[in-house]
Structure formats: C-alpha cells, structure tokens
Amino acid sequence: MEFINNIFVNIAGLCRAVFAWLVGLLHLPDVLVDIAMVAVYWLAIVVVCVLCALFYVVWERKLAGYIQRRPGPNRLGPNGWLQTIGDAIKLVMKEDIVPDGADKPIHLLAALLAFVPPMLALAAMPFGEGMTALDLDLGVVYIMAVTTLASLPVLCAGYASNNKYAMMGALRVVNQAISYEVPQALAILSVVLVAGTFNLNGIIDFQTGHVWLILLQPVAFVVYLISALAECNRAPFDLPEGESELTAGVFTEYSGMRYALFYLAEYCNMFVAAGLATTLFLGGFTGPFLPGWVWFLLKTFVIMSLFIWVRWTLPRIRADYVLRFCWKVLVPLMLVNLLVTGVIVYILV
Amino acid sequence: MSENGNAYSERYTLNLGPQHPSTHGVLRIVADFDGETCISADPVIGYLHRGMEKLLESRTYPQGLPYTDRLDYLAGVNNNLPLALAVEKLLGVEIPERASLLRMLTCEIMRLASYMVGIGIYIMDLGAVSGVFYPFQQREYALEVMSALCGARMTQGYIRFGGVQADWNDEAEAALDVLYKELPPFIEMYHKLIDENEIFLRRTKGVGVITAERAKSYALTGPNLRASGVDYDLRRDAPYCLYDRFTIKVPVQQAGDCHARYAQRMLEVEEILKLIKAIHAALKETEPGKIMGAVPKMLRPPAGEAYAQTENPKGIMGCLVASDGKGVNPLRVHFRRPSFDNIAIFSELMPGHKVADLIAIIASFDIVLGEIDG
C-alpha cells in the first residue's frame, strides 16, 4: 500500500540517485542533477498530458453516445478505447493545409503553443503525496496566471488564419477569457481566504485538517466550475468554436495534426481546470484506502465527466449574454461571497 | 461612432454558406456585420437547383411524379399530393375513399417526421447537439410505417395518379402502433428537456419577431405563419382529399418569434397525432383493396390547366399543371414551394440581430433547400 502510494516518488528518487551517481562518476558539476531532474519531471508531465488527452477524448465520445442513445465509438481496441489513437493517426496522415493569406509562422506556432499552458500548469499540480513537480508557495497564483495563457494560442490561431469566422472566434476568446478570469479569481480567492495559504499543498492540508472546502464555499465551487467551462471554451461557452454559427470558429482553417493539437490541448486544459477544482474544493489527493494519486485521478474524472455532461446537455449561450452573465451575475455574486467569507474569517480566526 | 455604439468598428461582409453546417444544406446568406451585429442580410439561392419543373415537363406524367419527392425530401409523400391532385383535376377521375384516406394518413405521418427533423435540427443549431437524437428516434418510427407500407423510407413516391401505390397492411399497422406508443412520452419528455431551459429561452424569445401583418404581406405559410398569430390552415380552411370529414384543431401562437415557431411545431405534433388516429380509425372502416381509381393506361389529360394546393409541413405547396391535350408530357408544371416563399422575409428579419440569432432564425423556419432551389 505504502509502496503503491509512493511509487512515483520512489521512481523520481531512483532517477535522482542514478543521475547523482553518473555525475559523480564523470566528475561533472552537481547542478546537472537538478537539470536532469527537470527533464524527468517535464517528461512525466508530457506523459500525463498525452494520456489524459487520449483517455478523455474517447471518454467524451462514449459519454456523449450514452447521452444521445447511441453506442459511441466501439470498434477500435477493447470496446473502442483505442479510438483516439486511430483518430490521431488519421489526422497525422492528412494533408496539412495552410491558407494562402495566412500568417504562416503564427499559424504554425499557435498549434505548437497550444500544449504549453496546460503543461506549465500541471507542473504545479499536486498529483499525490509529494508528487508536485514545482511546490510553489504561490502555486494558486501561478496556475491562474498560466491557465490564462491558454487563450493566447487560440487568439493567435484565429488571427493568423485570415478567415472571418476565425477572427470572430478569436475576438470571442479574448472577450470570454478576460471576463471569466475575474469571477474565477474571486472564487479562488475565497478559498485562499479560508485556507489562509496560496500553496496548493497547504490548501490540501487545511482540508485534511478541517473539511473539504466545497462544504465551506459551495457558491465559489459552482462559480469556479462555470468560469472554468468558459476559460476552457467548453459548451455552453464554446462560442470561439461555435460550430453551428462560425463553422469551426478559430479552428476553421486548421487541418490534420495542427487541428488535432488544439483538440487534444482542449482536454489538457480541462484536465487542469478539473485538477484545480479537485485540489481547491474536493480535498485534492487525500482519501481513504486508495493511493493518493488514484484519488486525484478519480476526483478529476468526476469533474471532467460533469464538464462533458454539461456540454452535451445545454444549448450555446449567445455572445452578449456570456458577458452579461459574467459581469452582472457572477462577479457581484463572488464579491458578496468574498466579503461574507472575509467577515466570517475575521470574526472566527 | 458606429451604428451599435462601439467606439470604432469596421463593417465586414460575412458569407454564411453555401458550405456552412447550419444553413440546412446549401443556403447562402451574404450578410454585413458590425462586430457581431447584422446590418443587412441577403439570402442567395440556387446551389441545389435541379430544374425540377423542366424535368417534369420533359417526362410523361407518371415518370415525373417521383421527382416531386425530391423537393421537400423530408416529407416526400406530401409533395406528390399537389401534383397528383392537379393532374386528377385535369383528368377528372374519381379517387376511391380508401385511397384518399391513405393519402391523408401517409401525409400526416410524413408531416410528423418532417416536424421531428425541424425541431431536432433547431435545437442542434442552438448548440445542444444531443437535442437532435431524440426527435430523430421518433422520426424513425414514422419512417418505419412508410417502409412497411410501401418499401421506401424517405422518397416514397407512394401517391399515384388516381390513387396510391400499396394498400394498408399488418406490418404497417404494427409499426404505427409503435409510433402511438412512443410518441406521447417523447413529447412530454421533450417539453421537460427544452421548455424551461434558461439558455434556450434567452436564445429564442424576442428573436426574429414577425408580426401577423408582416407574415401575411410576405406570404408566409405553414407553422411559421401560425406562429405569428394568423389562424390559417388549408386542411381546415380549404380542405382537399377528405380533410373536411375530420375536425382539425389548429394551434396558434401570438408572439411570432423563434420560440413561438418552436412551440407551434411542438403543439402541432400533438394535433397531428390525434389526426393520424382519427384517419386511421376511418381507414379501418373502409373496405381493403380499392386503392386506385379508373385511370387510363396512357395519361393524356385534356387541354387546360389546373392548380391544386396542399398544406405541407413547411407551408402551402401549390402545383400548377398545364396540358395541351395532345402530348403525354405536361406543357408546363410549376410549384409554389413554401420554403422558397418563407425565406423572402430573411433580409428584413435578420438586420439588428447577432450572428447566433441568424442561425436561430434560419433554423426556426425549418427550411429545406431541395424545395427552395427546386
């Protein structure tokens, strides 16, 4: 039990020992060990990104199938679980079309950058006991900052495509990302106020000592989830893609693997949002019986399934209502929530 | 300052379609926008033009009939009917009672199927993709009846000059029973899923409002007209076939917006089901077998012209047939295609709305491009 719980920590320890031994053997400076470890952490995060994208793409399609009374993908691999790999191979083999009038370097760069923000965010994500690549004291602020970057590649994509649908989508991304950043930050701030720390592991420790913060901050939890949907451009806030209005919005001019990169990055962004919700509100990786990292994956799975469920249930909101809802409902609500939380914390602590 | 009060913005022209997921085929709308707000919109048609009228004129009457299925391909039988009625008027043949009832029954079944597509696609175009699958299941039950009756699902060509192709059978009876069983719970469920949805209401209430005056002056017909508060339905007000035998309740909405057009179709679905049951009961009382009138082997109607119109799922479908009395081909065939007339109002209706509303308006009209382009 203890072994499984610490399996990844032990692997990391083993790697560090091997590197230290090599560095000692070759009489190299010690700082190389740290650099090598960064590479190991980075590799681990890439693997997490790829695996979660592979899994959640097919899970979304299956869940959508169940919601829509159809089987969903069920051909490739056991019960269709390898479908994403098949899709990825198909997309790689497709012709990579770049429109004539496109800003070619940015068009390419946007697809490449799409994976950067979620990977940066996962660096500070506590996956389990001692399983935080970057245990920052300002972890919450860091994750908020880098997840905001997620809209940048999408903006680049829309801008560089030289397509009116894409441009409209890009403008919607900016609108939405900037607006929903505010209620999201306020929701997270309420949590920080209660827990008294910006450190993600500290917030988890607080929840282990007291109760899950979802019980203390239910309104903040709901607002956080809504803002997270908007930040990830997920339905009902999928206006940048807005399939029935803007054909494919910002991704209209993307094809082949470039499109696939955006598609997969969307799931990584969602995974980050779900992971942050788990950490902030659902007690993070803590839980009885099972290893910590299993609990983390289970809790994120529940939140991700919720995101998917919402997507296949609700119609799309219109662009002006998206902003109105944010500034006239969510922001005042969260300000009141923050005020009440602040007063109560001040009285009690 | 621009029209919508933005500090600075540039007008641009957006070409919605013909390749666009939400223009129901190949409708093209050339619209000018200021930001997200539409300034002018101009529907451009003709991308699916197959020369339907000319095709009919260059073929004999029976050869031409199945082509009409391809006009409003979501309700094939309903398109056969006006042509058949017009030609029968020229020929002056008597239609057996059972054939008339079968025509009405199949028309109502296909009307139901067409409404199911209209409702489902409407919800899908608003962004709720799952909304399309539930009505399509019901449509499937309706198509099963047609399949059992005449062997074809969508473009049946079931109506013939003088009668119908096949008689009612047990298989169709069983398929219709399934429809009776499945449809009422579906209607109830769909009301629960959609009616109270805040996003749906926000997206549709007050969007694309057509007053009764405007609706009449633009010659809107069908559910789109009735959603604007004009109580007009050919089946009741100018009955053809044997519709005068049945009491037909016509629901009417007053709001005239996109939501009213959705609600109108949902209400009409219930009335269609009642009508199907009534026609079905009447059909059972007639004697099986007599489904064709006395029609000559070679159709050569006397010189003259005849016009017949029917209430189709999309509106009033009219058909004018002219014969010179000599040839086996019609001299001239012309269709009044309801979707074509309905979309004329788009250029007046769309300015002032957002991009998303444009899609909602198109979808709420439940247009079919096969019919528009002819």
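## Worked exercises on a two-chain model

Just past helix 12 of chain A comes Asn233(A), with a positive phi near 55 degrees. Keep in mind as you work that this is a predicted model.

**Exercise 1.** Find out whether the length of helix 12 of chain A fits its number of residues, and say which of its residues are buried.

*Solution.*
- Step 1: Helix 12 of chain A covers residues 218–231, which makes 14 residues.
- Step 2: At 1.5 Å a residue, the expected span is 20 Å, and the end C-alpha atoms lie 20 Å apart, so the two agree.
- Step 3: Now for burial: 10 of the 14 residues are buried, so the helix is mostly covered.
- Step 4: Among the buried residues are Phe221(A), Tyr224(A), Leu225(A) and Glu231(A).
- Step 5: The cover over these buried residues includes helix 7, helix 9, helix 11, helix 14, helix 15 and helix 16 of chain A.

**Exercise 2.** Describe how helix 4 of chain A packs against helix 14 of chain A.

*Solution.*
- Step 1: The axes of helix 4 (residues 83–93) and helix 14 of chain A are 7 Å apart, at an angle of about 145 degrees.
- Step 2: Helix 4 of chain A brings Thr84(A), Ala88(A), Leu91(A) and Val92(A) to the contact, while helix 14 of chain A brings Gly256(A), Met257(A), Ala260(A) and Leu264(A).
- Step 3: Sorted by class, that gives six nonpolar and two polar residues, with no charged ones.
- Step 4: A reminder helps in reading such lists: an α-helix has 3.6 residues a turn, so residues three or four places apart point the same way.

**Exercise 3.** Work out whether Arg226(B) is buried or exposed, and list its side-chain polar contacts.

*Solution.*
- Step 1: Arg226(B) sits in helix 9 of chain B, residues 223–226.
- Step 2: Its relative accessibility is 1%; buried means under 20%, so Arg226(B) counts as buried.
- Step 3: The Arg226(B) side chain comes to 3.1 Å from the backbone oxygen of Tyr232(B), and a polar contact of 3.5 Å links it to the side chain of Asp233(B).
- Step 4: Beyond four places in sequence, the contacts of Arg226(B) also include Tyr115(B), Val250(B), Gln264(B), Glu268(B) and Glu311(B).

**Exercise 4.** Test chain B against the rule for a compact globule.

*Solution.*
- Step 1: For 374 residues, the rule gives a radius of gyration near 21 Å.
- Step 2: Chain B has 21 Å, which agrees.
- Step 3: For context, its C-alpha atoms fill a box of roughly 75 × 50 × 35 Å along the principal axes, and 60% of its residues count as buried.
- Step 4: The fold of chain B comprises 15 helices and eight strands.

How values were computed. Residues numbered from 1 in each chain as written. Chains lettered and ligands numbered in written order. Predicted model: local features only at pLDDT ≥ 70, side-chain atom pairs only at ≥ 80, totals over all residues. Heavy atoms only, no water. Helix = DSSP H or I, 4+ residues; strand = E, 2+ residues; numbered from the N terminus. Buried < 20%, exposed > 50% of the residue type's maximum accessible area, 1.4 Å probe, protein only. Polar contact = N/O pair within 3.5 Å; in protein donor to acceptor, adjacent residues only side chain to side chain. Contact = heavy atoms within 4.5 Å. Expected span 1.5 Å × (residues − 1). Axes fitted to C-alpha atoms, helices over the stretch in contact; angles between N-to-C directions. Nonpolar A, V, L, I, M, F, W, Y, C, P; charged D, E, K, R; others polar. Rg over C-alpha atoms; globule rule 2.2 N^0.38 Å.
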